[in-house]
Every structure is written in C-alpha cells, then in structure tokens.
Amino acid sequence: MSQSVIARAAEATPPGVARRFRGLSDRAIAWIFVAPTIFLLLAVNIFPLIWTIRLSFTNFRANRPNAEVEWIGLRNYDRILTDSDIWETMQATAHFLCWTIVLQVLIGFSLAWLINRKFKGNDLWTTIIVLPMMLSPAVVGNFWTFLYQPQIGLFNYVVAFFTGADPTSFSMIGSVSLAPWAIIIVDTWMWTPFVMLICLAGLRSIPDSIYEAAECDRASKWRQFWTITLPMTLPFLMLAVLFRGIENFKMFDLVVQLTGGGPGNTTTLTSIDLKREAFEKWRTGYASAYAIILFVTVFGLASIYVKALNKVKER
Amino acid sequence: MSGYSITEPSPRQKWVAGALVALYAIITILPLVWIIATGFKSSADAIAYPPKVVFAPSLEGYVNLFTTQTRQTAEYFAANPPETWYERIVQSKGLTIAGPSRFGERFMNSVIIGFGSTFLSVFLGTLAAYAFSRFKVPLKDDLMFFILSTRMMPPIAVAIPIFLMFRSLGLSDTHAGMILLYTAVNLSLSVWLLKGFIDEIPHEYEEAALIDGYTRFQAFTKVVLPQAATGIASTAIFCLIFAWNEYAFAVLLTSGTAQTAPPFIPTIIGNAGQDWPAVAAGATLFLLPVMVFTILLRKHLLRGITFGAVRK
C-alpha cells in the first residue's frame, strides 16, 4: 500500500524534485543504519563467543600467555560434566532460581491484585514500591550485609523484635542453612516490583465487560478469579518469569557482594563459580567450556519456554 | 449488593487493599531509608545496639568518604588548629585530612562511562530501530532476535574473551573500552525499545514529507526524530541506569583509572573494618540520581524493563 502511494507520488512529481526525492535509496539507508549496530555486536558478542568456543578445547591459561597451548579436545567438557562441585553449584543456582521466582510471583501478583482495587494514593505507593528495582545491585547488596549483621543489623533487630529471638543468635550470611535464604530475601525485595508491574499490566488488560458478564451469570468471585483473572494474566506472568529466570540464572553482582558465594559453597551460584575458575584460578580453557555449557543451557531453556509462552498466548 | 458498579470494589475493600499495599511499601522502603540515615550518623551511632532511629546528625560519613586521613599528635593540633568545619570533625578523632579520597574520581568515571555509552547506544540504536521499523531488511526477525540474544549470556562468560581482547588491544581499564562494551550491551535494549516507539509513529507523516520533496534522510531527521523524542529520552535513561549500575564487567575489566563507583563503594574501609557511614554516604550519592530518574520515568518503567514487550 504505502509503497504504491510513494510510487504514484514519484511519477506525479517533476523531475527536479524527483532527483532530490531519491537521494539515497531506501535500501542504502537501511544498510547504513543497521550496519554499525550489527558490526559492534559481532565484534563484542559473536567474535568473543567464537573465541570462547575455540578456547574451550584448549588448556590455555590467561595468566601465562607465553606458555604453550595444547588442544585437548573435549576433555574440559568431560571434566565439567562429571565434577561433583559443579553439580552442587547447579543445585544452589536451582534453589535460588526456584524460590525467588515462586516468592516474587506470589507477592508480586498479590500486590498487583491489591493495587488494581484502585484505591486512593495508588500511584504514590506504587512508585515507592518500584524504587529498589532500579538501584545498583552491587551497592545495595553490599549495604544489606550491614542490615544482616547479628549485633547491629536492622534486619536481625526487626526479626528479633517480632519473634522474640535473640538478635545475636542467628547470622543470615554466616550460617550455612540461612545464607541461601539471605540472598533469596534480598533478590525478592529488589525484584518483586518487576513482577508486580507486569502483572498489573495484565490485570488492567482485562476488560470490565467480562466480569460484568460473569456477574450476570452469577459466577462467584472465587470462580471469576480462577476462570477469568488468572488465565488472562497468565501470559504476562509467564513473561515475568522468563525475564526473572534469565536474569537470576546470570546472577552475579548482588550475591557476590552479599555472601561472596559462602559460607563454604552454599551460595556459590554458577556465575560466581565461573568467575573463580576464570579470574582467580585462571583456568581459561576450562572456564570457557563452562561458559559455553551455561550459554547452551540458558538458551535452550529459554527457547523451550518461549514456545510454551506462545502456546499460552494463542489460547 | 449496594449501588456500586458490580466491577467496582466496595469502599471497605479499597481501604483494606490500600492499607496492605501501604504496609508493603513502608517495609520495602525501609532499607533505603536506612542507607540515607546511616550516611548521616556518627560511626558510634551507626553500630549502636539497638539500632538508633533517633540520632544527632553528623557529616562524618561524608567527610570520610571524600578524604583520606592520617593520625596526628596533640602537639600538632595545638600548633595547627583546624580551620574548617570538616577539619574539626576529623580532629575530634585525633586525625588530619591528608588529601582527597578516590571517590570523586570513581564517581566521575561512572558519569563519563555512563553518558558516553548512553549517547552511543541511543545514537546507533535509533538508526537501527528506524531501519528495522520502516524498511524491508533481509532476515529482519532473525537479526532482531540475534540482537536480543546478546543479552542472555552471563556477563562473566562474555568477560573471558573480552578480557583477552581488551588486553591485546590495550583497552583494559580505559574509558574507551568500557564505553564500547556498555554500548554493545545496551544496544539490545535501545534497538528493541526504540523500534517499539518508532513503530507507533504513523507512516503517513513521513510519506507526506517525502511527497513534499524531502529525502528519506530528511524525513527521518525532521519528521520522525522529533516525534520519537519522548521515546528516545526514556530509552536513554534506561541505558544510563544500566551503565550506572553495572558491576560484573566493571569489577573484572577495570582496577584503577577507569574503575566506576559500584566496584569502589564496597571497598571503602575505615580504621576498623568497613566504614559504614562513609559507605552509606557514597551509596546515597550514587543511588539518589537513579531514584529521581525512576520517579520521572514511572509511566514508561514497565516498557523499559521488558524491552518493550509489555506496553501500557
């Protein structure tokens, strides 16, 4: 359509104007506009990715650039997939991922549902709630270690105040059993508003007329929730889970500052483990293979998930 | 049922919902209030038990944040009495100011790298987004997905080859290197967001301009760009916030000259362990701009954080 309008206009315009009109062809402009972006992404993402794949078959160490590099085939991959420490790391990551998603979806959806009651001052409270989400995870995570201190920390004091426990009797980041929860609490505090905002958009997309019709059919509020509200916000919820899943699979800054992966390996998430292998032990080849495995995992899981998401959307 | 619309919640429901949301908001804002408050506490008040809610405000944290100090003897103070208010604060602990701390530099690095990368990624992103929005680019969907997928890699995984690449190109610990890197990372966000914003501008405006004898490029700069101004501005703020907050690349690829504030703030150490008022003061100065931007952006927030997938 639009093409034909332009074509007709071009025919109708006098030659002098037509020459100026052409200037650079659309094709040329498209290429000139897209090329720098693609070039930069190739240079900073794809070229390094190919380099990583190459390194993953070697025993290269970045702290010994002059040492001879050997091709060792799939040995790095073999070592990683049979290493029990890595499975521990994966378990810690899975624990962190599952609980943060469950808590954020539950709290985020409930908050969105409440905010959708359209009470007064709704905008003000929403704005306050979203604040933590946009802040630097490293700086905030670092400050949370202060809040978590047994003797002087606000968190321990508040918990002790409401439960009657001794605030010095537990250390959120020092204890093996509590540390995994310490990182889940901070991540949930930071990112619940993200899920909330997406759910709110979902709830607001449901037209009132559907509820009116359900009300006429005398469907109970409970039934309305399960047959209208939830199914219609499900695509939004799933999108929120996708974003949180990918982000938390990559999680590094917040947890490094909070616990540094400790105590022991209890909060060593994959990114932290990878950082140790690559930049502390300098096993570059091994870490490259590790990075490729992580990339394939997140990419694979995300594609399967997106397929499911599209199916839900079509319904 | 009463006379309200059947889909409108009753006043009592609204009241309960409002109270619960307000309660959550107050709990969630508490850590942030605590950061700001701790910045104004003296070091003794900061580590008092039970935690002090009411305290005499002190600028000690801010003074510690911006200066380095050395211990001096009583004779020294008798000979050189402190002249300014900040010297007096430091003297009360038997110290003198030796010089400025690194915080100012690190903060400026954050500003330079943040604005530099934001400008570049929005500039390149606008061009690419316009092309993707208006022209038949071959493999358009694949390219758009490729651009998005660059965001899925864990930063640490990308950092291994980038580290080697920067080392051989001499870009490690330089502003140029970090600006380039953050530009590349932010491009996915800026292309996706801006494509959404440009898609919303009706084609008819440009077509009218083309018929009036504008070239395609003129139509882009004189018709599309002014219309996309709000979208470009909010995209820029999102890119700026990302670059401002980024930690993983910064901690691995910078150590001195180009180090930004996020890896620096947690390393502020006092005489005995971490100097919490100084850390809190640094965090306050660092986080406040983002809080202001978040409040300004609140209408576009959802769109920005979902890469344009959800539009209100």
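In this predicted model, the centres of domain 1 and domain 2 of chain A, taken over C-alpha atoms, are separated by 40 Å. According to the domain assignment of chain A, domain 1 covers residues 2-55 and domain 2 covers residues 83-314.

A good place to look next is within the second of these ranges, at helix H7 of chain A, which spans residues 137-147. This helix is mostly covered, with 11 of its 11 residues buried. Among the buried residues of H7(A) are A:Pro137, A:Gly141, A:Asn142, A:Phe143, A:Trp144 and A:Thr145.

One residue of this helix, A:Phe143, deserves a closer look. The largest nonpolar core has 160 residues, and A:Phe143 and A:Ile198 are those with the most contacts inside it. Helix H9 of chain A, residues 179-204, supplies the largest share of this core, 16 residues. As general background, nonpolar side chains in soluble globular proteins tend to be buried together.

A:Phe143 also leads the eye across to the partner chain. Leaving aside residues up to four places away in sequence, A:Phe143 touches B:Ile35, B:Val279, B:Ala280 and B:Ala283.

These touches introduce the meeting of the two chains, in which 89 residues of chain B are in contact with 86 residues of chain A. On the side of chain B that touches chain A, helix H1 of chain B (residues 11-39) gives the most, with 16 residues. The residues on that side of chain B comprise 71 nonpolar, 13 polar and five charged.

Terms used. Residues are numbered from 1 along each chain as its sequence is written. Chains are lettered from A and ligands numbered from 1 in the order in which they are written. This is a predicted model: local features need pLDDT of at least 70, side-chain atom pairs count only at pLDDT 80 or more; totals for chains, interfaces and linings use all residues. Two residues are in contact if their C-beta atoms, placed from the backbone, lie within 7 Å. Helices (H or I, at least four residues) and strands (E, at least two) are DSSP runs, numbered from the N terminus. Ala, Val, Leu, Ile, Met, Phe, Trp, Tyr, Cys and Pro count as nonpolar, Asp, Glu, Lys and Arg as charged, and the others, Gly among them, as polar. Domain bounds come from an automatic or database domain assignment. A residue is buried if 20 or more other C-beta atoms lie within 10 Å of its own, exposed if 12 or fewer, and partly exposed in between; C-beta atoms are placed from the backbone. A nonpolar core is a set of buried Ala, Val, Leu, Ile, Met, Phe, Trp, Tyr and Cys residues joined through C-beta atoms within 7 Å.
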